Amino acid sequence: MIKAGIFTDAQDRIRKKIQPMLDLGAKKGWKLHTFTSTGSARGINICLVWEIQEMI
């Protein structure tokens, strides 16, 4: 959850908070499958779904 108002700098906060997670996933070779954000009473809920290679 990112604490941000829906109308006050919400998009900037999302970008700044999740970029490190996206960078880490990409460094591990993961592929971002789905990104979903929804507003809530306390902030913005973010769900990241990754595709990873099957370990053989």
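These legends walk through a predicted model, starting with the whole chain and then moving to single residues.

**Figure 1. The whole chain, with its one helix and two strands.** Follow the sequence from start to end and you meet the elements in the order α-β-β. The helix, α1, takes up residues 10–27. Strand β1 covers residues 31–39, and strand β2 runs over residues 44–51. Of the 56 residues in the chain, 14% are buried. The accessible surface adds up to about 4,800 Å², and carbon and sulfur atoms hold 55% of that. As for contacts with a separation of 6 or more, 41% of them link residues 24 or more positions apart.

**Figure 2. How confident the predictor is along the chain.** The chain averages a pLDDT of 78, with 75% of its residues at 70 or more. Among the helix and strands, strand β2 has the highest mean, at 86, while helix α1 has the lowest, at 83. A word of caution for reading any such picture: where pLDDT is low, the predicted coordinates shouldn't be read in detail.

**Figure 3. Leucine 32 and the residues around it in strand β1.** Is leucine 32 buried or exposed? Neither label quite fits: its relative accessible area is 35%, so leucine 32 counts as partly exposed, since buried means under 20% and exposed means over 50%. Leaving aside residues up to four places away in sequence, leucine 32 touches Leu22, Leu48, Val49 and Trp50. Look for glutamate 51 as well: 19 residues separate it from leucine 32 in sequence, yet their C-alpha atoms are 6.2 Å apart in space.

**Figure 4. Alanine 26, an exposed residue in helix α1.** Alanine 26 has a relative accessibility of 52%, and it counts as exposed because that value is over 50%. Which residue to pair it with in this view? Try tryptophan 50, which is 24 residues away from alanine 26 in sequence. From C-alpha to C-alpha, alanine 26 and tryptophan 50 are 9.7 Å apart.

**Figure 5. Isoleucine 44, a buried residue in strand β2.** Here the relative accessibility is 5%, which is under 20%, so isoleucine 44 counts as buried. How far apart in space are isoleucine 44 and isoleucine 14? The gap is 8.2 Å, C-alpha to C-alpha, although their positions lie 30 residues apart in sequence numbering terms.

Methods:
Residues numbered from 1 in each chain as written. Predicted model: local features only at pLDDT ≥ 70, side-chain atom pairs only at ≥ 80, totals over all residues. Heavy atoms only, no water. Helix = DSSP H or I, 4+ residues; strand = E, 2+ residues; numbered from the N terminus. Buried < 20%, exposed > 50% of the residue type's maximum accessible area, 1.4 Å probe, protein only. Contact = heavy atoms within 4.5 Å. Areas by Shrake-Rupley, 256 points an atom, 1.4 Å probe, with all protein chains shown as cover. pLDDT = per-residue confidence, 0-100.
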